[in-house]
Amino acid sequence: MDHSDLTNAIIKGKRKDAKKLVSEAIDEKQAPEEILGAMVGGMDVVGERFKNNEIFVPEMLIAARAMKTGMDLLEPVLTEAGLQPEHKAIVGTVKGDLHDIGKNLVVMMFKGANLDVIDLGTDVAPEAFVEAIKEHNPTIVGLSALLTTTMPMMEATITAIRDAGLDTKVLVGGAPVTADYADSIGANGYADDAATAVTLVRELISA
Amino acid sequence: MTFPGLHILGERINPGFTSTKRLFDEEDMAGIQALAKKQADAGAEYLNINVGDRARTDPQFMVEVVKAVQAVVPTPLSFDFPNVEVQEYCLKAYSLEKAQGQLPIVNSISELRWDMLDLYKIAPFKMLLMASEREEGGEQVANKNADEVHQTARRMVQRVTSSAYGISNDDCFIDVSIGPVGADTEGLTKMALDGIKAIGSDTDLAGVHMSVGLSNASIMLPKEALDGGLLKIRIENAFLTLAVPAGMDFVLGTPWRHYQPLPADDIVMEGFVEAIEAGGFEQVMRIQEIYMDPDED
């Protein structure tokens, strides 16, 4: 079945088209994993274009909203078919930092890549990350910080995770964060933007 | 034409700018001095000093930057790292004489960082007060509406001006904080503008200064608007066009950028005003319409 119309609707952020196409595909009893794949493929293109500065943050938000509209229809079908996302990700902004725009973009793009995302919000203490990892057993943990003063909390969080005996892969990102800094605090990866974070997660999952 | 009464706190000494990061990495003090001078010559009335995380791991480097900058310009400085120890180093290194008696700015104090105020025992200073977050039961909480911003500003100014240090309203810079307008689905741009209006018309706060980190507003947006003109600077100018008459008198910005009022029929001004009035997701979609036709393939 050709789902390129649906993929294009996601890329263009056409919410109504996405809704109509997903609804039709479900009615026609098309394979739910293929419908999902068409939307994830659309978000991949969006991520790629965002990385290349061909599109900008409003386009990304609008595309993600179109995907969400489609997913609201598709999720019950996926659940019924026993098709749950294979991987979980926990995402949060570290303690002392209330900034959430970057973190929300990552949450959005992770959902767009069909990860099961648990968003812990902002000002999340190291212990809260540890507790959430124990509860949800995610594949990936994403830490965000916007301030130079809260960056050290990323290190404290990673230390707390490792001290708890957990080897979950930890990604870090945020305006003041650099790849060198990520290395120096023992993170498993650093992403410059939300789209790169998705690429990185896929690499870490397949590694 | 520029904005009458708008002053610039020069933002360029910050590793967020790639060219500046290179100066830091190479410890190119002459380059940093040239950047300081360039900003001062372009009209910056303060120079913000931000060396990134290195302020914490290597505070002596921040001290060196402060001294190097003061060796070439008399412009007063703003120490951008909210940590008592780092601020203490900077205040001790700062030469009031070289700054021709002009006090530096401690950047920044929030309701959870009152210990910073006691640095006044070391040397007097002006201060940036964060109005975007407040303290509630020992916790840090983000302000979500203009009234919360206004009330936080009131509490903070009241507290510092009633301290034993003789601090006046004129020593206070209230940072109302703005984020990227193209990703703002929570009405935070409008909150900032309404907060500025409320603070600007509060007679108890007469004489306080207000400032925002202006470049934040236009990040993650393209270069050009639909009319072929520049987009980012006009997004910043649209904000200023609304904020300056409401009482905002400082921006953390780049002194050689062309800050100027926009006419009401400028497509960016129009789009910006409609976007923040619409709020929510509509805001993002209206901002997008300034630079692209969403129906075009």
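## Exercises on helix packing and chain contact

α3(A) and α4(A) are roughly antiparallel to each other (a term for angles over 145 degrees). This is a predicted model, in which local features need pLDDT of at least 70 and side-chain atom pairs count only at pLDDT 80 or more, while totals for chains, interfaces and linings use all residues. Residues are numbered from 1 along each chain as its sequence is written, chains are lettered from A, and side-chain values use heavy atoms, without hydrogens and water.

**Exercise 1.** Find the angle between α3(A) and α4(A), and describe their contact.

Solution.
- Helices here are DSSP runs (H or I, at least four residues), and strands are E runs of at least two, numbered from the N terminus.
- Helix α3 covers residues 32-51 of chain A and helix α4 covers residues 57-80 of chain A.
- Their packing angle is about 170 degrees, with the axes 10 Å apart. Axes are lines fitted to C-alpha atoms, for helices over the stretch in contact, and angles run from 0 to 180 degrees between N-to-C directions.
- The crossing of α3(A) past α4(A) is left-handed, meaning that the near helix is turned anticlockwise from the far one by less than a right angle.
- Contact (heavy atoms within 4.5 Å) involves residues including A:Met39, A:Met43 and A:Phe50 of α3(A) and A:Met60, A:Met67 and A:Leu74 of α4(A).
- The contact residues of α3(A) with α4(A) divide into 17 nonpolar, 1 polar and 1 charged. Ala, Val, Leu, Ile, Met, Phe, Trp, Tyr, Cys and Pro count as nonpolar, Asp, Glu, Lys and Arg as charged, and the others, Gly among them, as polar.

**Exercise 2.** Work out how α1(A) is placed against α3(A).

Solution.
- Helix α1 spans residues 4-12 of chain A, and its axis comes within 8 Å of that of α3(A), crossing at roughly 40 degrees.
- α1(A) and α3(A) are therefore oblique to each other; oblique covers what is left after under 35 (roughly parallel), over 145 and 65 to 115 degrees (roughly perpendicular).
- α1(A) passes α3(A) in a right-handed crossing.
- α1(A) contributes A:Leu6, A:Thr7, A:Ile10 and A:Ile11, and the residues of α3(A) include A:Gly41, A:Gly42 and A:Arg49.
- By class, the contact of α1(A) with α3(A) has 9 nonpolar, 3 polar and 1 charged residues.

**Exercise 3.** Describe the interface of chain B and chain A.

Solution.
- Chain B gives 29 residues to the contact and chain A gives 23 residues.
- The two chains bury about 2100 Å² between them, 65% of it on carbon and sulfur atoms. Buried area is the accessible area (1.4 Å probe) that two parts lose on being put together, summed over both.
- B:Gln140, B:Met220 and B:Phe281 supply 26% of the area that chain B buries against chain A, more than any other three residues.
- A salt bridge is a side-chain nitrogen of Lys or Arg within 4 Å of a carboxyl oxygen of Asp or Glu, and 0 are found across this interface.
- Over all chains the count comes to 26 salt bridges.

**Exercise 4.** Locate the salt bridge of A:Glu24 and its place in a helix.

Solution.
- A:Glu24 pairs with A:Lys20, at 3.6 Å from N to O.
- Both are in helix α2 (residues 15-27) of chain A, 4 residues apart, so about one helical turn separates A:Glu24 from A:Lys20.

**Exercise 5.** Identify the cis peptide bond before B:Ser108 and its setting.

Solution.
- The bond from B:Asn107 to B:Ser108 is cis, with omega near 10 degrees.
- B:Ser108 is found in strand β4 (residues 105-109) of chain B.
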